[in-house]
Every structure is written in structure tokens, then in C-alpha cells.
Amino acid sequence: SLILRTYYDLDEYEVFLSLQKSFKQLIRRNKLISDLQRSGYNNLLRFMNKAFKIKSEVGFRSQQKIQEAVEVLTKEIAETEQVYNRGWLEGRIEKIK
């Protein structure tokens, strides 16, 4: 997850997506990971992907649309119980605003 966060910060979208796909497979296949960990990582990956898409649309969509997407994502994260690196993720979403 640390490398994914680094690629997110560096705006390396293609590398981010590739690593995200590999990480998802690792989480799905690894029998040593508990269901709670699996859920936390899957939620992190899902929300990171949504945040990256919103971030990449800045400059191409109206500020109002970006703001609405950020609010929806922020609400989704708040309503989800198990999300790893929640503080980091919320900080990056704040930066998009």
C-alpha cells in the first residue's frame, strides 16, 4: 500500500493501476490474510482508484462537478467501517478540493 500511495502522489496513473491490479490478486489469493484485512485493503484500493479518477479530471470538468464527486467519495469513506490508511486517503481527497 505504501508503493501505491507513492504512485498516487507522483500522478503515475498507469503504474498505479498495474500495481493495484496485482495487489488485488495478492489479497484475493493469499490465504493467510484475514477477512478483516482483506476488506480493509479492498476498500482502500477502491477508494484510491475513485480518488485518482477525480484527481485526474481536475481541469477537464467544472469545479462544481469535482466538488460533488469529492463530497460523494468523502461520504462513502465515512460510511465504510474498515478502510486502511483512512487518514492519508482523507488528506489526499482534501487536497483535490
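**Exercise 1.** In this predicted model, classify Glu-76 by its relative accessible area, then find its salt-bridge partner Arg-46 and place both in the chain.

*Solution.*
- Step 1. Glu-76 has a relative accessible area of 23%, so it is partly exposed.
- Step 2. Its side chain meets that of Arg-46 in a salt bridge, 3.9 Å from N to O.
- Step 3. Glu-76 sits in helix H4 (residues 63–79) and Arg-46 in helix H3; this pair links distant parts of the chain, 30 residues apart.
- Step 4. Arg-46 is partly exposed too, at 36% relative accessibility.
- Step 5. Shared partners join Arg-46, Lys-50 and Glu-76 into one salt-bridge network.

**Exercise 2.** Work out the surroundings of Arg-38 in helix H3.

*Solution.*
- Step 1. Helix H3 covers residues 35–57.
- Step 2. The relative accessible area of Arg-38 is 19%; buried means under 20%, so Arg-38 is buried.
- Step 3. Asp-35 and Arg-38 form a salt bridge, 3.2 Å from N to O. They lie 3 residues apart, about one turn of helix H3.
- Step 4. Asp-35 is exposed, at 62% relative accessibility.
- Step 5. A polar side-chain atom of Arg-38 lies 3.4 Å from the backbone oxygen of Ile-33.
- Step 6. Beyond neighbours within four places in sequence, Arg-38 contacts Ile-27, Arg-28, Asn-30 and Ile-33.

**Exercise 3.** The structure holds 6 salt bridges. Which parts does the one between Arg-92 and Asp-9 tie together?

*Solution.*
- Step 1. The closest N and O atoms of Arg-92 and Asp-9 are 2.8 Å apart.
- Step 2. Arg-92 is in helix H5 (residues 86–96) and Asp-9 in helix H1 (residues 2–9), so the bridge ties together parts 83 residues apart in sequence.
- Step 3. Arg-92 is buried at 18%, whereas Asp-9 is partly exposed at 39%.

Key:
Residues are numbered from 1 along each chain as its sequence is written. This is a predicted model: local features need pLDDT of at least 70, side-chain atom pairs count only at pLDDT 80 or more; totals for chains, interfaces and linings use all residues. Side-chain values use heavy atoms; hydrogens and water are left out. Helices (H or I, at least four residues) and strands (E, at least two) are DSSP runs, numbered from the N terminus. Buried means under 20% relative accessible area, exposed over 50%, partly exposed in between (1.4 Å probe, protein chains only). A polar contact is a pair of N or O atoms within 3.5 Å; within protein, one must be able to donate a hydrogen and the other to accept it, and residues adjacent in sequence count only if both atoms are side-chain atoms. Contact means heavy atoms within 4.5 Å. A salt bridge is a side-chain nitrogen of Lys or Arg within 4 Å of a carboxyl oxygen of Asp or Glu.
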